Amino acid sequence: MSNLVINRFIEIGRFGRPRGLDGDIRFQPNEKFVDGLFDRINLYYMRNKRSDLIPARIESYRVEKKRNQHTFFVKFDLIANRDDADEAMNKALFVVNEELENLTDKQEADSVDMIGYHVYSENREVGEVLDLFENPAHPILEIKYQSGSLLIPMVDEYIDRVDHERGSVYCKNLNQLTEEG
């Protein structure tokens, strides 16, 4: 029975040093962590003093970017102050394995679906999606562009919206990624 419980949860990272007095704590994701996880899963699990897994919800989080590295600072409902954050340091954070697998499957399906999409910028078609690369920071589109190809980070700076029904990607600021800019 205990193996079933252990296999039901998967570790997605560990807590680092606390930040501030309110219980914000640095989160260090591992290779199982997927982009957007904090926005798409509501319930997480952490161990208490007796090593029982207890549910926790995220109250807020923020991401700081320095030198191509993302650092997460997370506030959980179970970590109310600096002392609680100190106690959580070096402990693991878990999610239900099935929920994580569903997210991973959905992300893989989304990436396959985008190949062949038409890419538009400034109300004109500029290319077609050739591939979608997974990157720890964010996915990157490779599009057929003029006589070669162009890599476009899938971030708000360059992607306005994706229309899956029409098979279209609407971009902006592409001049920043080309020699024309």
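**Exercise 1. Count the aromatic ring pairs and find a cluster.**

Start with the rule: rings of Phe, Tyr and Trp (its six-membered ring) pair if their centres lie within 6.5 Å. Applying this rule gives 13 aromatic pairs. Next, follow the linked rings: F15, F27, F33, F38, Y44, Y61, F72 and F76 form one aromatic cluster.

A word on the source: this is a predicted model, where local features need pLDDT of at least 70 and side-chain atom pairs count only at pLDDT 80 or more, while totals for chains, interfaces and linings use all residues. Residues are numbered from 1 along each chain as its sequence is written, and side-chain values use heavy atoms, with hydrogens and water left out.

**Exercise 2. Find charges that sit over rings.**

Look for NZ of Lys or CZ of Arg within 6 Å of a ring centre and within 35 degrees of the ring normal. R19 has its charged end over the ring of F73, 4.3 Å from the centre. Likewise, the charged end of R161 lies over the ring of Y170, at 4.0 Å from its centre.

**Exercise 3. Explore the surroundings of F76.**

Take contact as heavy atoms within 4.5 Å. Leaving out residues up to four places away in sequence, F76 touches F15, Y44, M46, A56, R57, I58, E59 and L93.

Now step back to the largest nonpolar core (buried Ala, Val, Leu, Ile, Met, Phe, Trp, Tyr and Cys residues joined through side-chain atoms within 4.5 Å; buried means under 20% relative accessible area, with a 1.4 Å probe and protein chains only). This core has 23 residues, and F76 is among those with the most contacts inside it. Finally, another core of 16 residues lies apart from it, including L141 and C171.

Conventions: Phe/Tyr/Trp six-rings, centres within 6.5 Å; stacked < 30°, edge-to-face > 60°. Buried < 20%, exposed > 50% of the residue type's maximum accessible area, 1.4 Å probe, protein only.
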